Amino acid sequence: MTTAGTAGATGTPGHGPLAGVRVVELAGIGPGPFAAMLLADLGADVVRVDRPGGPSLAIDPAHDITNRNKRSVIVDLKAPDGPARVLDLAARADVLIEGNRPGVAERLGVGPEDCHARNPRLVYGRMTGWGQDGPLAARAGHDIAYIALTGTLGLIGAPGTPPPAPANLLGDYAGGSLYLVVGVLAALHHARATGTGQVVDAAIVDGTAHLSAMLHGMLAAGGWQDRRAANLLDGGCPYYGTYETADGGHMAVGALEPQFYDEFVRLLGVEEFAGARKDPARWGELREAVAARFKSRTRAEWTAVFEGTDACVAPVLSLREAPHHPHLAARATFTDHGGITQPAPAPRFSATPTAVRGAPARPGADTAEVARDWDVPRLVRPRDPQQPDPHRKASP
């Protein structure tokens, strides 16, 4: 795990493949901020427009990693001059990201039509769960409901039990944030080639459904059963899944190919099942044998057994354990910035390296700096009592 510097959020524009790209983020929670963090990690100058007393993750803003590498200004969009201040930023931006329900940005005066009137080249990214249209577009929702309707939640878990909640990684971040970023970058390429911006409608239901493309192909070909734990990759196969160890830990097994399976059963000590790989009739017996063997030793002992082999077996680590794994430490997959251990920017670039350049942006702390850098003097106005003074020292 590497250690980054302790510089604050100010001065975050820097190196990376998106250096020079300006992004306005209308503050929200969940997939929108994560998408903006990814763009900031890649070098974009991301200005988060917070509102007085605005949304947060209900934690100290200093620990909200999704706001790293950004700068923040506070604008009250319900104030008479609020929309104009945001439109001044949009006029100088390449990208704007918002995550309100359909129609809200328009009612606030910062919708696509208003922004494009000031900046026809702007890429206007919209992040929602249900999308901008359809029967559920105006409904509230969260990750688990979105992925439920796409069929992906129903893929997970053991039969006879409710599907488990996979945190909010599958919907919010994989089906939402990453698809918004892909869409924004594609539209930015188009805007730079043609001079014409556009709206990117990124819906979590669309992106999450798209993630299951391979499985739909397998289903159509008869290679996937439409029920849980009945297939090669969903826990139905005894040599692709997780097993408990003697100390309550778990090991993950993915020994799919013949050569990997042979090494797996040999090292586990169940060589009598060498011929069971392609015989589903023996899978129940194989699963019991594998489970019994894993329960006979601790997670650390089994980790040592499979270390350095091609059996495709790994220990299941916790969030606190992961940064200390030798491989992840060697690659600096995690970094430490300002005393917070966090994932390092990804992916990696040979010519335009990325880094954690700044701590999580404090709401409103960068208003004067952004007003200067973006030439938006209207951002700075007589002291707003809701807006913190970045130059004021904390009381002892």
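Two strands pair if DSSP finds at least two bridges between them. In this predicted model, strand E2 (residues 22–26) and strand E3 offer a clear case to begin with, since five bridges join E2 to E3 and the two run parallel. Within this pairing, Val24 stands opposite Val47 in E3.

A wider look at the chain helps to place these strands. The secondary structure comes to 13 helices and twelve strands. Taken along the principal axes, the C-alpha atoms of the chain fill a box of roughly 80 × 50 × 40 Å. Of the 396 residues in the chain, 42% are buried. Among contacts between residues at least 6 apart in sequence, 68% join residues that are at least 24 apart.

The pair described at the outset belongs to an open sheet. Six strands form this sheet in the order E4-E3-E2-E5-E6-E7, and their pairing is parallel. Strand E4 (70–74) and strand E7 (198–203) stand at the edges; each has a single partner strand, so one side of each is left without a neighbour in the sheet. On average, and with direction ignored, neighbouring strands of this sheet are turned by 20° against each other. E3 is joined to E4 by five bridges, and these two strands run parallel. Val47, already met as the residue opposite Val24, also stands opposite Arg71 in E4.

How much of strand E3 is buried? Six of the six residues of E3 (residues 45–50) are buried, so the strand is largely enclosed by the rest of the structure. The reader can follow this on both of its faces. In a regular strand, side chains alternate between the two faces of the sheet. In E3, Asp45, Val47 and Val49 are on one side, Val46, Arg48 and Asp50 are on the other, and all of them are buried. Both faces of E3 are thus covered.

Helix H2 is one of the elements that pack on this six-stranded sheet. H2 touches E2, E3, E4 and strand E5 (95–98), and its direction makes about 150° with that of E2. Eight of the ten residues of H2 (residues 82–91) are buried, so this helix is largely enclosed by the rest of the structure. The buried residues are Gly82, Pro83, Arg85, Val86, Leu87, Asp88, Leu89 and Ala90.

A further open sheet has three strands in the order E8-E9-E10, with antiparallel pairing. Here strand E8 (240–244) and strand E10 (313–315) stand at the edges, each with a single partner strand, so one side of each is left without a neighbour in the sheet. The twist averages 20° from one strand to the next. Three bridges join strand E9 (residues 250–254) to E10, and the two run antiparallel. The bridge partner of Ala252 in E10 is Ala314.

Two helices can be followed across this three-stranded sheet. Helix H10 (residues 283–294) lies across E8, E9 and E10 and runs at about 40° to E8. Helix H11 (residues 299–306) lies across E9 and E10, running at about 30° to E9.

Contacts between helices can be described in a similar way. The axes of helix H5 (residues 143–150) and helix H7 (residues 204–211) come within 9 Å and cross at roughly 50°. That angle makes H5 oblique to H7. The crossing in which H5 passes H7 is right-handed. On the H5 side the contact is made by Tyr146, Ile147 and Thr150, and on the H7 side by Ile204, Val205, Thr208 and Ala209. These residues divide into five nonpolar, two polar and no charged.

One residue of helix H1 closes the picture. Pro31 has its place in H1 (residues 31–41). Is Pro31 buried or exposed? A residue counts as buried at under 20% relative accessible area, and Pro31 is buried because its value is 12%. Leaving out residues up to four places away in sequence, Pro31 touches Met127, Asp172, Tyr173, Ser177 and Ile204. Ile204 also takes part in the contact of H7 with H5. The C-alpha atoms of Pro31 and Thr161 are separated by 28 Å, and these two residues are 130 residues apart along the chain.

Technical notes: Residues numbered from 1 in each chain as written. Predicted model: local features only at pLDDT ≥ 70, side-chain atom pairs only at ≥ 80, totals over all residues. Heavy atoms only, no water. Axes fitted to C-alpha atoms, helices over the stretch in contact; angles between N-to-C directions. Helix = DSSP H or I, 4+ residues; strand = E, 2+ residues; numbered from the N terminus. Parallel < 35°, antiparallel > 145°, perpendicular 65-115°, else oblique. Left-handed = near helix turned anticlockwise from the far one by under 90°. Contact = heavy atoms within 4.5 Å. Nonpolar A, V, L, I, M, F, W, Y, C, P; charged D, E, K, R; others polar. Buried < 20%, exposed > 50% of the residue type's maximum accessible area, 1.4 Å probe, protein only.
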